[in-house]
Number of protein chains: 4
Amino acid sequence: MFVVMEESATEAQVQAVIDRLVNRGFTVHRSTGVVHTVLGCVGPKEEMDPRDLEVMEGVKECHRVMSPYKLASRSFKPAGTRITVKGVEIGGDMVVAIGGPCSVESKEQIEVSAEQVAKAGAKGLRGGAFKPRSSPYSFQGLGEEGLGLMRDAADRYNLFVVSEVMDHTQIPMMSDYVDIFQVGARNMQNFTLLKELGKSRVPVLLKRGIAATVEELLLSAEYVMSGGNYDIILCERGIRTFESYTRNTMDISAIPVVKKLSHLPIMADPSHGTGRRDKVIPMARAAVAAGADGILVEVHPDPDRALSDGAQSLYPAQFEDLMRQLRMIAAAVGRTI
Amino acid sequence: MFVVMEESATEAQVQAVIDRLVNRGFTVHRSTGVVHTVLGCVGPKEEMDPRDLEVMEGVKECHRVMSPYKLASRSFKPAGTRITVKGVEIGGDMVVAIGGPCSVESKEQIEVSAEQVAKAGAKGLRGGAFKPRSSPYSFQGLGEEGLGLMRDAADRYNLFVVSEVMDHTQIPMMSDYVDIFQVGARNMQNFTLLKELGKSRVPVLLKRGIAATVEELLLSAEYVMSGGNYDIILCERGIRTFESYTRNTMDISAIPVVKKLSHLPIMADPSHGTGRRDKVIPMARAAVAAGADGILVEVHPDPDRALSDGAQSLYPAQFEDLMRQLRMIAAAVGRTI
Amino acid sequence: MFVVMEESATEAQVQAVIDRLVNRGFTVHRSTGVVHTVLGCVGPKEEMDPRDLEVMEGVKECHRVMSPYKLASRSFKPAGTRITVKGVEIGGDMVVAIGGPCSVESKEQIEVSAEQVAKAGAKGLRGGAFKPRSSPYSFQGLGEEGLGLMRDAADRYNLFVVSEVMDHTQIPMMSDYVDIFQVGARNMQNFTLLKELGKSRVPVLLKRGIAATVEELLLSAEYVMSGGNYDIILCERGIRTFESYTRNTMDISAIPVVKKLSHLPIMADPSHGTGRRDKVIPMARAAVAAGADGILVEVHPDPDRALSDGAQSLYPAQFEDLMRQLRMIAAAVGRTI
Amino acid sequence: MFVVMEESATEAQVQAVIDRLVNRGFTVHRSTGVVHTVLGCVGPKEEMDPRDLEVMEGVKECHRVMSPYKLASRSFKPAGTRITVKGVEIGGDMVVAIGGPCSVESKEQIEVSAEQVAKAGAKGLRGGAFKPRSSPYSFQGLGEEGLGLMRDAADRYNLFVVSEVMDHTQIPMMSDYVDIFQVGARNMQNFTLLKELGKSRVPVLLKRGIAATVEELLLSAEYVMSGGNYDIILCERGIRTFESYTRNTMDISAIPVVKKLSHLPIMADPSHGTGRRDKVIPMARAAVAAGADGILVEVHPDPDRALSDGAQSLYPAQFEDLMRQLRMIAAAVGRTI
């Protein structure tokens with residue numbers, strides 16, 4: 001940590017900061033410049049809140065040197081993490097596509113979905129059984145029954161299953177049905193849930209919160225990893241900005257940023273990222289072009305009759321077409337799909 | 001709902017939209033203008049997702065007329081809601097101050113805190129027993145023991161108790177200790193928690209998420225209210241913007257906005273809103289000047305030794321001073337404190 | 001325009017709104033619903049500020065139906081605008097690459113730059129002669145001399161010239177040197193400048209302001225077009241969000257959004273959009289994958305010695321490599337480069 | 001400046017950074033920690049772009065120690081700047097109110113406005129002669145004639161005149177009419193204009209851009225000050241955030257932040273900050289409660305007939321009422337109005 005003192009800081013103020021740091025176990029190196037005095041501090045763990053120093057008299061600013069996350073950082077595993085789910089490697093050379101409806105609605109709907117996405121080249125089936133709707137008056141999902149339907153459909157077409165866990169109490173039950181737990185954007189900082197997922201050995205697809213920085217996303221991954229579950233897949237799905245034409249603004253640049261900071265695979269979800277079918281296709285292409293390890297796309301056999309998020313679900317033929325384009329883009333960046 | 005068609009929309013496109021609306025139970029009024037055709041639609045419940053129409057060919061845009069919340073809207077209770085907690089009315093003429101440390105740390109710490117805030121004029125005691133820390137390596141709170149210490153301290157100084165509930169499974173246990181459940185910003189859209197709080201009859205202080213619009217805040221209140229618990233106090237605590245000098249940007253204008261849209265009381269939390277002690281005082285004054293029904297302020301007997309958020313905790317003497325200023329500002333807006 | 005009245009609006013309030021609209025020349029259609037009264041209004045030009053109605057008693061909200069821009073809208077020219085500059089068509093099947101240094105620094109530097117970008121496949125040369133630096137103490141550019149050097153270098157390698165105009169007084173002088181006037185993000189709403197450019201017949205590359213919505217970008221294009229200059233190329237270059245890891249957040253989704261709303265070509269500038277060389281390449285790929293009509297990239301013969309923005313300038317070999325990847329991505333979306 | 005190397009940085013990478021710094025005239029102090037190597041660098045001017053180092057191999061991050069502004073910083077003039085305009089001190093004990101219409105529309109309108117705001121206690125008259133409208137089809141102002149009318153009206157009621165300068169070419173002409181040049185939010189980084197204002201000796205009221213950080217606002221002030229004009233008044237008028245209920249989000253906390261970082265006076269403009277009359281009053285109160293040195297409020301004799309921004313203009317009686325409330329709030333913070 002570095003503490004930069006104000007130009008006008010008095011000797012007593014400098015000393016007060018040094019005393020505080022020493023009391024907290026830091027070794028302090030003082031460097032007196034022409035304009036500013038700077039204190040470099042090394043501690044056993046460096047976990048002091050920088051604001052505790054910033055509010056002291058005479059302090060201009062304070063910078064942490066260590067990243068607050070360790071297990072999730074690239075330096076922890078420079079080669080990159082590869083996670084194998086039902087024989088499919090995520091984080092390797094292949095870009096992995098996951099498709100399926102927003103919600104599981106019926107046996108027939110999920111079976112047709114599985115068949116269609118598998119045929120187009122997807123490796124995983126997505127679908128919600130518990131829907132976190134922002135209105136209490138909307139469709140809330142089929143629950144455990146929906147999970148069973150999804151498991152059967154996925155097995156028939158050799159797909160892995162991804163579904164959202166809403167609450168830590170659902171973990172044991174859901175473990176019987178899913179291959180990957182999805183943590184939704186709203187739960188990215190549900191620390192109770194993250195801690196419990198850390199005890200599981202089922203991989204976790206962790207979506208970035210709409211107001212979360214990349215650093216906070218990595219810190220949430222760290223929460224799970226610190227419990228012993230290292231199989232985390234990150235997912236960009238749009239952040240909230242002043243632009244309201246699209247539901248969210250997909251931060252495509254987060255993909256190369258995460259690749260640099262962390263060893264964890266990163267996917268993109270252009271369906272939630274844009275909220276509109278006609279924007280899903282270009283944004284899926286953009287994500288793969290930017291280096292994403294996979295995409296998560298909503299596809300529905302009949303989007304016009306979907307019980308939720310129909311507007312952002314692709315028609316099956318659109319998904320096939322998208323997969324064809326993605327094959328060429330993956331090749332351009334040295335990958336397959 | 002209104003659907004505005006593109007200038008270039010064909011008759012077949014207009015008809016397709018009308019058909020879809022009629023199939024969903026809407027009555028449609030068509031108005032053909034010089035430039036645009038506009039469809040006005042009235043339905044039994046108006047719960048169609050506007051995006052389902054916006055993605056149709058020939059549609060320019062779509063506007064909802066009804067607010068998605070009902071119980072939380074001002075028109076549901078034009079006179080405004082007043083909630084009485086341990087004899088103190090929230091939402092009435094008096095501006096209610098709630099003070100206390102970020103975390104309950106020890107019996108002595110919480111007792112001294114209670115004494116100090118009560119003496120300065122606060123009516124409620126705040127303090128966390130379960131800390132939602134963004135790093136898994138930080139202090140996590142005293143748990144139920146902390147709640148017991150806080151209850152005792154509050155009773156001694158005739159204060160009501162506000163503490164954060166992190167998870168729905170904590171509700172029954174916490175009901176024995178707290179007078180108001182606080183829902184933190186990160187949990188504003190934890191719908192499982194909101195639903196369970198709807199079954200409780202303990203008032204809820206609902207903090208605005210850092211990326212939540214005012215409409216979403218009211219929709220979260222609606223979630224709780226739709227379960228039968230009508231005693232909701234809203235709380236502005238800062239939103240995330242591009243300005244990073246302060247931890248968050250307090251949206252003071254949300255206070256008059258909420259007052260217009262809803263009958264629920266609204267408080268402000270300048271401690272989390274700014275993250276720095278030297279900004280807490282001016283922002284607490286600003287909130288009361290803008291019409292807040294109360295303030296929630298972190299005060300610690302010894303902020304330099306606080307186990308969490310010391311940098312944003314006031315010294316007891318600062319809190320007393322603040323309360324003196326707030327008395328004059330409350331008078332300027334026709335209220336007491 | 002539509003005016004939605006509050007549930008509780010009185011007859012007198014409804015009448016006051018109707019009177020005001022009629023006085024302003026609108027024809028008003030009243031529709032009385034179960035819950036809300038809605039007024040549909042058609043006027044000769046529909047230029048009333050919706051807020052003038054929203055602040056009236058009893059009004060809930062007000063929606064404009066007409067886009068505030070006309071000449072820039074897709075419906076004005078459904079087939080799309082193609083602009084030919086020095087024999088190169090922008091907005092057609094070919095994705096057009098423009099490269100060059102941030103600032104023109106010397107005769108040798110700009111000539112080497114022109115040679116390198118032309119060899120890699122760029123069609124245009126970019127370079128700044130007047131630098132809008134946020135610090136008054138930084139390098140401010142070579143001025144007219146720099147423009148002359150750039151013109152010569154471009155001519156030698158058969159490239160068109162793009163350079164930023166900072167102020168309306170520079171237009172006549174610059175017209176002798178440039179093929180496209182670039183309007184920087186900070187000047188997107190410099191209406192004096194936009195008006196004067198409307199009188200010119202030199203094409204304009206208009207960058208989106210870092211806090212501008214897509215609608216505002218189109219309105220700025222409209223400003224120029226309303227003066228008679230229809231050759232506008234839009235350019236996405238990043239918006240300001242809470243994420244500060246990259247300088248700005250490139251809004252890649254703005255590319256398909258603009259394509260839908262407007263007939264004007266849209267390019268992307270990943271250099272300013274990201275601010276860091278290692279992010280420029282993936283974001284250039286993403287922009288082309290999302291459908292951009294061109295890219296604007298900073299390339300410098302020796303970025304480590306650049307007088308400005310060296311950190312975001314590509315090495316010549318990186319630019320060549322990028323162009324090779326873009327050829328494959330352009331093919332994937334049915335275009336050439 | 002401090003450069004923090006990656007955990008995995010090689011000795012060659014460290015040496016490359018040191019070489020580059022030394023070549024640029026820096027003295028480098030190397031500190032090798034358990035995890036990170038940190039380089040502290042002191043240079044004669046410290047004007048290197050930190051990104052030039054951040055893109056080097058093995059570099060984790062880079063922090064500037066010196067503020068990029070000097071003349072505008074609090075340490076340059078710890079006692080604070082007081083500017084006297086027509087006998088009124090701005091930045092002193094008195095909170096200064098400036099009122100008037102958005103645009104000067106007629107002789108009668110501006111005279112009545114002047115009389116009304118003077119009577120209520122305002123010291124300055126505001127009004128626009130050149131209107132920067134985002135649509136090219138809106139009312140564009142009376143120009144120089146409007147300035148003459150405003151000058152006459154102000155003189156009759158002993159008020160100083162504030163009006164917006166849109167372009168550097170207007171400075172000489174406007175100097176005959178105005179006491180304070182207002183620089184609008186859109187021009188905060190119009191560096192040509194700022195430079196020319198630096199040569200003037202008329203005080204400048206510099207509004208914060210809607211996407212500008214506080215640091216950028218101070219850097220723009222520095223631009224003017226570096227030309228020799230030290231009489232700058234800053235003005236908060238709202239920033240752009242995801243919340244769209246109000247036109248902008250007023251960043252009230254910027255007021256105490258600026259007070260700490262700079263010696264310049266800071267005012268607030270709640271009319272543009274909120275865009276709606278009913279929010280102007282609470283936000284004006286909040287600004288004064290937070291420590292603003294003055295307020296700038298739109299007041300119109302007949303807002304319903306205003307040619308621009310009527311929705312955010314107060315009725316004269318509302319302004320009087322506001323001034324009465326502000327007197328009490330000013331007293332609460334130890335000031336007068």
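User: Which residue of chain C comes closest to the rotation axis?
Analyst: That's Ala211(C), whose C-alpha lies 2.8 Å from the axis. Two copies of a chain are related by a rotation about an axis and a shift along it. Here the axis is the one that takes chain C onto chain D: the turn is 180 degrees, the shift along the axis is 0.0 Å, and the RMSD is 0.0 Å. The fit is by least squares on the C-alpha atoms of residues with pLDDT of at least 70 in both copies.
Before we go on, this is a predicted model: local features need pLDDT of at least 70, side-chain atom pairs count only at pLDDT 80 or more, and totals for chains, interfaces and linings use all residues. Residues are numbered from 1 along each chain as its sequence is written, while chains are lettered from A and ligands numbered from 1 in the order in which they are written.

User: How many residues do chains C and D bring to their contact?
Analyst: Residues are in contact if their C-beta atoms, placed from the backbone, lie within 7 Å. By that rule, chain C puts in 34 residues and chain D also puts in 34. On the chain C side, α2 (50-54), α6 (191-199), α7 (214-225) and α10 each give two or more residues. The top contributor is α7(C), with four residues. Helices are DSSP runs (H or I, at least four residues), strands are E runs of at least two, and both are numbered from the N terminus.

User: What kinds of residue sit on that side of chain C?
Analyst: Sort them into classes: Ala, Val, Leu, Ile, Met, Phe, Trp, Tyr, Cys and Pro are nonpolar, Asp, Glu, Lys and Arg are charged, and the others, Gly among them, are polar. Facing chain D, chain C has 12 nonpolar, nine polar and 13 charged residues.

User: And how does chain C sit against chain A?
Analyst: Chain C fits onto chain A with an RMSD of 0.0 Å after a 180 degrees turn and a 0.0 Å shift along the axis. The two copies are therefore related as by a two-fold rotation axis. In chain C, Ala286(C) has the C-alpha nearest this axis, at 2.0 Å. Both copies use the same surface, since 100% of the contact residues of chain C recur in chain A.
The contact joins 32 residues of chain C to 32 of chain A. On the chain C side, α8 (254-261), α10 (277-289) and α11 (316-332) each give two or more, and α10(C) has the largest share, six residues. The classes there are 20 nonpolar, eight polar and four charged.

User: Is α10 of chain A buried or exposed?
Analyst: Count neighbours: a residue is buried with 20 or more other C-beta atoms within 10 Å of its own, exposed with 12 or fewer, and partly exposed in between (C-beta atoms are placed from the backbone). In α10(A), 12 of the 13 residues are buried, so the helix is largely enclosed by the rest of the structure. Those buried include Arg277(A), Met283(A) and Ala287(A).
You can check its length too. The expected span is 1.5 Å times one less than the number of residues, which gives 18 Å for α10(A), and its end C-alpha atoms are 19 Å apart, so the two agree. After the helix comes Gly291(A), with a positive phi near 110 degrees.

User: Where is the largest nonpolar core centred, in terms of contacts?
Analyst: In soluble globular proteins, nonpolar side chains tend to be buried together. A nonpolar core is a set of buried Ala, Val, Leu, Ile, Met, Phe, Trp, Tyr and Cys residues joined through C-beta atoms within 7 Å. The largest one has 384 residues, and Ala287(A), Ala287(B), Ala287(C) and Ala287(D) make the most contacts inside it. Leaving out residues up to four places away in sequence, Ala287(B) touches Ile252(B) and Pro270(B), among others. Another core lies apart, with 33 residues, including Val17(A) and Cys41(D).

User: What does chain A look like as a whole?
Analyst: Chain A has 11 helices and 14 strands, and 61% of its 337 residues are buried. Its C-alpha trace spans about 75 × 40 × 40 Å along the principal axes. An automatic or database assignment sets the domain bounds: domain 1 covers 2-63 and domain 2 covers 74-332. Their C-alpha centres lie 44 Å apart.

Note on methods
Two residues are in contact if their C-beta atoms, placed from the backbone, lie within 7 Å.
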